[in-house]
Amino acid sequence: QPTSQQPFVLLLDISMAAPIICLPESSSSDAGLQLDLGSLAISNTVVWQLAAADTSSPARKGWVLVDDMQVTLSKLSLEVIDQEGTHGLNVVRDLGAGLQLKVTRPLGSAREQSGQQILATPSSSPQQQARAPPLPPIQVALDVPDVVLALSDSEYEGLMSALSLNFAELPAGPSQHPHQRALRP
């Protein structure tokens with residue numbers, strides 16, 4: 001079979017520090033929020049699964065090559081930064097196993113006909129796809145655990161202020177944040 005008809009398979013096993021996001025109250029303020037996304041883990045498995053039965057055409061039963069990917073964010077932290085730029089304590093007390101995203105996507109399908117294997121991928125011709133079992137849709141599931149936060153009154157006010165003021169500010173020309181001005185020649 002031509003190489004272009006073979007599904008592309010990439011196995012992942014990645015663990016890394018996730019980015020830190022700073023959200024100021026406004027473009028001219030040192031106060032705001034710092035969200036550390038903690039640890040990011042990405043892994044996947046690629047397996048052949050029996051295709052769902054197509055009752056309209058028993059001859060189209062076959063196998064589907066599926067990529068099951070798991071993405072997990074754990075050890076998240078959130079700090080409120082006051083007007084003087086002082087970071088508060090982490091307000092996230094419990095995040096369980098973390099945020100988990102599962103993506104299941106088909107890479108190709110195959111069936112055997114008259115001793116010959118018929119393989120189809122999303123990039124296959126319509127004629128080739130018609131001869132193989134249909135590809136199932138991509139499935140995405142997000143698991144968000146109960147999140148426990150512990151906030152003082154001042155941290156709550158800082159959190160709400162950063163969220164409301166940041167999103168209410170109208171866009172302007174080039175940013176004039178104090179830290180960015182210091183970096184310019």
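Ser29 is found in the loop between β2 and β3. In this predicted model, Ser29 has a relative accessibility of 9%. That value is under the 20% cut-off, so Ser29 counts as buried. A polar atom of the Ser29 side chain lies 3.0 Å from the backbone nitrogen of Ala31. The contact thus links a loop residue, Ser29, to Ala31 through a side chain on one part and the backbone on the other.

The strands flanking this loop pair with each other. β2 spans residues 20-24 and β3 spans residues 32-36. The two are antiparallel and share five bridges. One of the pairs is Cys22 with Gln34 of β3. β3 is also joined to β6, again by five bridges and in the antiparallel sense. On this side, Leu33 has Val80 of β6 as its bridge partner. Gly32 is matched with Ile81, also in β6.

Together these strands make an open sheet of three, ordered β2-β3-β6, with antiparallel pairing. β2 and β6 occupy the edges. Each has a single partner strand, so one side of each lacks a neighbour in the sheet. Neighbouring strands are turned against each other by 15° on average, direction ignored. In a regular strand, side chains alternate between the two faces of the sheet.

Helix α2 lies across β2, β3 and β6. The helix runs at about 80° to β2. Asn166 belongs to this helix. Beyond residues up to four places away in sequence, Asn166 touches Leu23, Pro24, Glu25 and Ser161. The pairing with Glu25 spans 141 residues of sequence. In space, the C-alpha atoms of Asn166 and Glu25 are 4.9 Å apart.

The largest nonpolar core holds 15 residues. The members touching the most others are Ala18, Leu33, Leu37, Leu40, Leu73, Leu76 and Leu78. At least two core residues come from each of β4 (39-50), β5 (63-74), β6 (77-81) and α2 (153-168). β6 therefore contributes to this core as well as standing at an edge of the sheet. Leu33, the bridge partner of Val80, is likewise among the core residues with the most contacts to other members. Nonpolar side chains tend to be buried together in soluble globular proteins.

Ala18 was examined further. Its contacts, not counting residues up to four places away in sequence, are Asp36, Leu37, Gly38, Ser39, Leu40 and Leu73. Among these, Leu37, Leu40 and Leu73 are also listed with Ala18 as core members that touch the most others.

A contrasting site is Lys75, in the loop between β5 and β6. Lys75 has a relative accessible area of 67% and is therefore exposed. Its phi is near 60°, a positive value in a residue other than glycine. Ser29, by comparison, is buried at 9%.

Confidence varies along the chain. The mean pLDDT of the protein is 81. Of its residues, 74% reach 70 or more. Among the elements, strand β10 (residues 139-143) has the highest mean pLDDT, at 96. Helix α3 (residues 178-183) has the lowest, at 51.

Notes:
Residues numbered from 1 in each chain as written. Heavy atoms only, no water. Core = buried A, V, L, I, M, F, W, Y, C linked by side-chain atoms within 4.5 Å. Buried < 20%, exposed > 50% of the residue type's maximum accessible area, 1.4 Å probe, protein only. Helix = DSSP H or I, 4+ residues; strand = E, 2+ residues; numbered from the N terminus. Contact = heavy atoms within 4.5 Å. pLDDT = per-residue confidence, 0-100. Pairing = 2+ DSSP bridges. Polar contact = N/O pair within 3.5 Å; in protein donor to acceptor, adjacent residues only side chain to side chain. Axes fitted to C-alpha atoms, helices over the stretch in contact; angles between N-to-C directions.
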